[in-house]
Structures are given as structure tokens and as C-alpha cells.
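The following exercises are meant to be worked with the sequence and the coordinates at hand. Each task is followed by a solution in steps.

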Amino acid sequence: MAARKPAKKDSLSTVQCVWGLVCSLSSIDQQRNNISLFNVLDQLNVPKKEFEKRGDEGVLIVPMQHEIVLVWRRVINPALYADKDRMMFDIRIKVVDPRGEQTQEILFPLVFEPGKRVMRTRVQNQSFHLSVPGEYSYVVTIEATTTKERKKACEIPLFVSELES
Amino acid sequence: MKTSYDPVADAKYVRIKTGKIAKTVEIFPWLLLDTNSKQEVLGVEILNASQNLVSVTTQGKRLREIGLVSLEEHSSESKPLLEGIETTIGTQMQLT
């Protein structure tokens with residue numbers, strides 16, 4: 001039987017998104033390192049007349065601060081290699097509207113220091129950028145910084161409902 | 001956004017839109033912004049990228065915000081570093 005080849009150290013197969021969501025606010029207990037999530041969002045209700053006030057780019061900016069919280073896990077196979085290496089990835093969050101068009105993009109690094117197996121990322125966003133009512137998606141992809149290998153990590157839905165005034 | 005990373009130089013470049021670079025603005029010695037003649041940000045250069053962890057947010061093809069990502073055990077948090085640099089560099093920049 002052929003010998004099994006060891007996986008590349010920065011391979012995306014070694015990283016997994018455990019969960020992700022959108023909430024109004026999160027708070028971390030510094031002593032216990034527990035995170036509390038407030039107002040997890042799955043739907044926004046916007047008055048119909050507000051959509052009529054969209055700017056020149058056809059985007060309504062709702063100045064509501066919110067956070068995108070993601071938890072990542074480093075999947076280690078001790079038979080292949082240990083978690084002694086520092087690993088760095090790029091996380092890309094694309095906010096896609098119901099028409100499939102991108103309204104916003106956020107890029108930030110994810111670093112696993114040696115010995116660290118679980119990382120939690122919180123990205124604050126100052127506003128929602130809405131084009132039309134319907135189902136929006138926060139499409140999260142993870143990308144290796146050197147090889148440019150990319151894979152979809154998760155997709156967080158957010159429904160925007162239009163309210164009749 | 002398109003990114004490129006040089007592991008030897010430990011430098012990352014985030015390209016936001018194409019165009020001719022007219023000026024490079026130094027925000028910090030490790031953070032540089034390439035702008036065109038209309039002072040729109042075309043790209044962001046991050047030196048010592050493995051140490052200076054920066055988040056970049058765009059709306060369409062315009063830079064909206066640059067945040068500093070601090071790493072804590074089992075968590076990382078993005079804090080605003082620069083805001084309001086969507087249109088004109090130098091007049092709307094705020095350090096928080």
C-alpha cells in the first residue's frame with residue numbers, strides 16, 4: 001500500500017468554521033473567556049418608505065452597529081503533524097444581496113499561534129448596506145495567504161423584510 | 001478585493017480597485033495607502049503583515065474602514081483604526 005502523503009501545513013483542510021452568526025453586540029468575560037451574544041439577528045424589518053430614500057448607488061445605509069462572530073477550529077491529525085506551527089489565513093466576508101450582488105466586503109486575517117486550536121473572531125460593522133428587501137447572505141470564505149487556495153467556510157443568512165407604513 | 005502576500009518580505013497588498021497610483025499616503029510606517037488623482041484609495045499595503053493584523057472593509061469599490069485586529073487567547077477582536085476615509089484622504093481621516 002502506498003504511503004500516505006502528509007497534508008500541507010497551511011492547507012485549508014486543517015481549519016474548520018465551527019459556527020458563525022450576526023448579532024448586535026457581544027461581550028467577553030475576561031476571567032472565564034466566555035462570550036455572551038446579544039440580539040442574534042436573523043431578520044431586519046425596514047419601513048418601505050426607507051427603501052425609497054436609497055442613495056445614488058441604490059444602497060440604503062442603516063446605521064446600526066452589529067458584529068459578525070465566527071469560531072474557528074484547527075483540525076489536527078497527530079499522525080501527520082502537531083499544532084506547533086503558526087498558521088495564518090485570510091478571512092473574507094462578502095455581503096450578498098437577494099439579487100446576488102455584493103454590497104460589502106470585509107477582509108481580515110486569522111492567525112493560529114503555536115498551540116492554539118480554537119480561535120474566535122469578532123468583526124464590528126458600523127452599518128447595514130441594503131439594496132432591496134429579501135434574503136441577504138454573509139458568505140464567509142477562508143483563504144491561504146501564500147497558496148491562494150480558497151474554500152467557503154460558512155454562509156450566514158439575514159432576511160430583510162419590507163414593512164408597509 | 002484582491003490580496004497578495006510576500007512571505008519573504010512579510011508584506012501584504014490589498015487591491016481595492018484598478019487605476020493609476022498618483023500618491024502613496026503613509027498612515028503608519030507599516031500601513032500605506034495608494035491613491036489615485038481623485039484621492040480614492042486603490043490599495044492598502046501592510047508591512048510586517050504577520051504582526052500587524054489589519055481588517056479592511058469596502059462598500060462596492062470604495063474603502064470604508066480599516067480596523068486593527070488584536071489577538072487574544074481564543075478570540076480576536078477588530079477595533080476601528082481609521083474611519084471616514086471613503087472619499088478624501090486627509091480631511092475625513094479619524095484615528096480612534
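A polar contact is a pair of N or O atoms within 3.5 Å; within protein, one atom must be able to donate a hydrogen and the other to accept it. The structure examined here is a predicted model.

**Exercise 1. Determine whether His129(A) is buried or exposed, and identify its side-chain polar contacts.**

Step 1. Locate the residue: His129(A) belongs to strand S9 of chain A, which spans residues 128–130.

Step 2. Apply the burial cut-off, which is under 20% relative accessible area. His129(A) has a relative accessibility of 2% and therefore counts as buried.

Step 3. Search for polar partners of the side chain. Within chain A, the side chain of Ser127(A) is in polar contact with that of His129(A) at 2.9 Å. A further polar contact, of 3.4 Å, links the His129(A) side chain to the side chain of Gln59(B).

Step 4. List the surroundings, leaving out residues up to four places away in sequence. His129(A) touches residues of chain A, among them Val59(A), Thr103(A), Gln104(A) and Tyr136(A), as well as Gln59(B) and Arg64(B).

**Exercise 2. Establish how strand S7 of chain A pairs with S6(B), and name the bridge partner of Gln104(A).**

Step 1. Strand S7 of chain A covers residues 102–112 and pairs with S6(B) in the antiparallel sense, over 4 bridges.

Step 2. Within S6(B), Gln104(A) has Gln59(B) as its bridge partner. Gln59(B) also makes the side-chain polar contact with His129(A), and Gln104(A) is among the residues that His129(A) touches.

**Exercise 3. Describe the interface of chain B and chain A by its contacts, buried area and polar pairs.**

Step 1. Count the residues: 32 of chain B are in contact with 33 of chain A.

Step 2. Consider the area. The size of an interface is often given as the accessible area lost when the parts come together. Here the two chains bury about 2,700 Å² between them, with 48% of it on carbon and sulfur atoms.

Step 3. Look for charged pairs. The interface holds 1 salt bridge. Asp90(A) and Lys12(B) form a salt bridge in which the closest N and O atoms are 2.5 Å apart.

Step 4. Add the polar contacts, of which there are 7 residue pairs across the interface with both residues at pLDDT 80 or more. On the side of chain B that touches chain A, strands S1, S2, S6, S7 and S8 of chain B each supply at least two residues. The residues of this side comprise 11 nonpolar, 13 polar and 8 charged.

**Exercise 4. Trace the strand pairing of S2(B), then account for the surroundings of Asn52(B).**

Step 1. S2(B) runs antiparallel to S1(B), joined by 5 bridges; Thr3(B) stands opposite Val14(B). Between these strands the hairpin has 4 residues, and Asp10(B) adopts a positive phi near 55 degrees.

Step 2. S2(B) also pairs with S5(B) in the antiparallel sense, over 5 bridges. Ala11(B) has Leu47(B) as its bridge partner there.

Step 3. Move to the loop between strand S5 and S6 of chain B, where Asn52(B) lies. Its relative accessibility is 17%, so Asn52(B) counts as buried.

Step 4. Beyond neighbours within four places in sequence, Asn52(B) is in contact with Trp30(B), Ile46(B) and Leu47(B). A polar atom of the Asn52(B) side chain lies 2.9 Å from the backbone oxygen of Leu47(B).

Methods:
Residues numbered from 1 in each chain as written. Chains lettered and ligands numbered in written order. Predicted model: local features only at pLDDT ≥ 70, side-chain atom pairs only at ≥ 80, totals over all residues. Heavy atoms only, no water. Contact = heavy atoms within 4.5 Å. Buried area = accessible area lost by both parts, 1.4 Å probe. Salt bridge = Lys/Arg side-chain N within 4 Å of Asp/Glu carboxyl O. Nonpolar A, V, L, I, M, F, W, Y, C, P; charged D, E, K, R; others polar. Pairing = 2+ DSSP bridges. Buried < 20%, exposed > 50% of the residue type's maximum accessible area, 1.4 Å probe, protein only.
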